[in-house]
Amino acid sequence: MDCAFSFYSHSRETHSIENKTLTLRSCVGLTPFKREMKMRFLGRTCLIVLSLLPAVSTQRDAWTVVGSDQPIIADPGDDVILPCHISSRVSAVDMEVRWFRDAFEKPVHLYSFQKNILGTQDRAYQGRTALPPLALQTGDLSLHLRHLRPSDRGIYTCLADDGSQYEEGQTEVIVAALGTQPSISMDSTQGEQTRLVCRSEGWSPEPEVIWRDRDGNDVTSLSNTTVLSDSQGFLSVSSYIRIKQQSNVFSCLVRSKTPKPDWESKLHISSEYHIFVD
């Protein structure tokens, strides 16, 4: 008489469970006790093997997407590459690769079904992005962005989807533009206290404005600053501080938040309100 026992296996392709029966010819001729012991041993062996299979499959297929831990700093007009790759260098040719910044549904660049999808691309990026096909074969998802604009600054998300899982990474872009040297003027309206106004334009990102008096004391807390953006994304700053009717010297420092030079202007005010600008 043959020995038989049943086990269940999971089919990954059909997502179904099949009942399979193993027939063990080697059990013929054994006593009932020995036949039962052999059945228990083989059952445990089969159970251990089946239990290990999902873990092995998971380790083999696991992958993540890695962006850049350092910001990409460039000047307006530059061509840049936003780094992103699949950790295990799995091919992304058959995946969906989506780069987006502000909105998932308005991609900076979308690659799907082995081609670039341009219908939903953010209009601000049309004609300026690319994903090299050869790079996708080695899991390189880096985005090529041409003719950088101040309005391109921000955090970009790189998402890869193979149909069964998706992963994402991020890369920050900083567009660094040094604005004009600050100009200081005096603004006096009848019935209001006289104030000094410091203006500078053409910045990216938003700069820091610092006011100092004749003794070098920081009086920025007494000032008010506004920032406006033009159609190209460049920023203009305007800052004013109220002054008393006495001789003094004020300086206005406009400082970039990226590794760029600072601009500083000074205004000498005599007791007769004669103005001298350095």
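These are my notebook entries on salt bridges, some buried residues and one pocket in a predicted model.

**Entry 1. Salt bridges**

I started with the charged pairs. Side chains of opposite charge can pair when their charged atoms come close. How many salt bridges does the structure hold? I found 4. I looked up three pairs by name.

Glu96 pairs with Arg98. Their closest N and O atoms are 3.5 Å apart. I then checked how open each partner is. Glu96 has a relative accessibility of 24%, so I logged Glu96 as partly exposed. Arg98 is at 11%, so Arg98 goes down as buried.

Next came Arg101 and Asp102, which also form a salt bridge. Here the closest N and O atoms lie 3.1 Å apart. Is Asp102 buried or exposed? Asp102 is exposed, because its relative accessible area is 67%. Arg101 is partly exposed at 21%. The cut-off for buried is under 20%, so Arg101 does not count as buried.

**Entry 2. Asp152 and Arg128**

I gave this pair its own entry. Asp152 and Arg128 meet through their side chains in a salt bridge, at 2.9 Å from N to O. The pair links distant parts of the chain, with the two positions 24 residues apart in numbering. Asp152 belongs to the loop between E11 and E12, and Arg128 to the loop between E9 and E10.

Where do the strands around Asp152 run? Strand E11 covers 143-145, and strand E12 covers 154-161.

I checked burial for both partners. Asp152 has 1% relative accessibility, so Asp152 counts as buried. Arg128 stands at 4%, which means that Arg128 is buried too.

I also noted a C-alpha distance for Asp152. Its C-alpha atom is 8.3 Å from that of Gly233, and the two residues are 81 apart along the chain.

**Entry 3. Asp122**

I turned to an aspartate without a salt bridge. Asp122 is buried, yet has no such partner. Which side chain of opposite charge is nearest to Asp122? I found Lys106, at 4.4 Å. A salt bridge needs the nitrogen within 4 Å of the carboxyl oxygen, so the Lys106 side chain falls outside the cut-off.

What does the side chain of Asp122 reach? I traced a contact to the backbone nitrogen of Ala124, at 3.0 Å. Asp122 sits in the loop between strand E9 (115-116) and strand E10 (129-130). I had already placed Arg128 in the loop between E9 and E10.

**Entry 4. Ala135**

I looked up Ala135 in helix H2, which spans residues 133-136. Its relative accessible area is 16%, so I wrote Ala135 down as buried. I then took the C-alpha distance to Ala92. The two atoms are separated by 8.8 Å, and the residues are 43 apart along the chain.

**Entry 5. The second largest pocket**

I finished with empty space. Rolling a probe the size of a water molecule over the atoms shows where empty space is left. The second largest pocket holds about 190 Å³.

Which residues lie nearest the centre of this pocket? I listed Arg242, Ile243, Lys244, Asn248 and Phe250, out of 11 lining residues. Two elements give two or more residues to the lining: strand E18 (235-242) and strand E19 (248-255).

I sorted the lining by class. The second largest pocket has 5 nonpolar, 3 polar and 3 charged lining residues.

Terms used
Residues numbered from 1 in each chain as written. Predicted model: local features only at pLDDT ≥ 70, side-chain atom pairs only at ≥ 80, totals over all residues. Heavy atoms only, no water. 1 Å grid on protein atoms, 1.4 Å probe; cavity = no way out; pocket = protein on both sides within 12 Å on 5 of 7 lines; lining within 4 Å. Points joined across faces, edges and corners; volume = space filled by probe spheres on them. Helix = DSSP H or I, 4+ residues; strand = E, 2+ residues; numbered from the N terminus. Nonpolar A, V, L, I, M, F, W, Y, C, P; charged D, E, K, R; others polar. Buried < 20%, exposed > 50% of the residue type's maximum accessible area, 1.4 Å probe, protein only. Lys, Arg positive; Asp, Glu negative; His and termini not counted. Polar contact = N/O pair within 3.5 Å; in protein donor to acceptor, adjacent residues only side chain to side chain.
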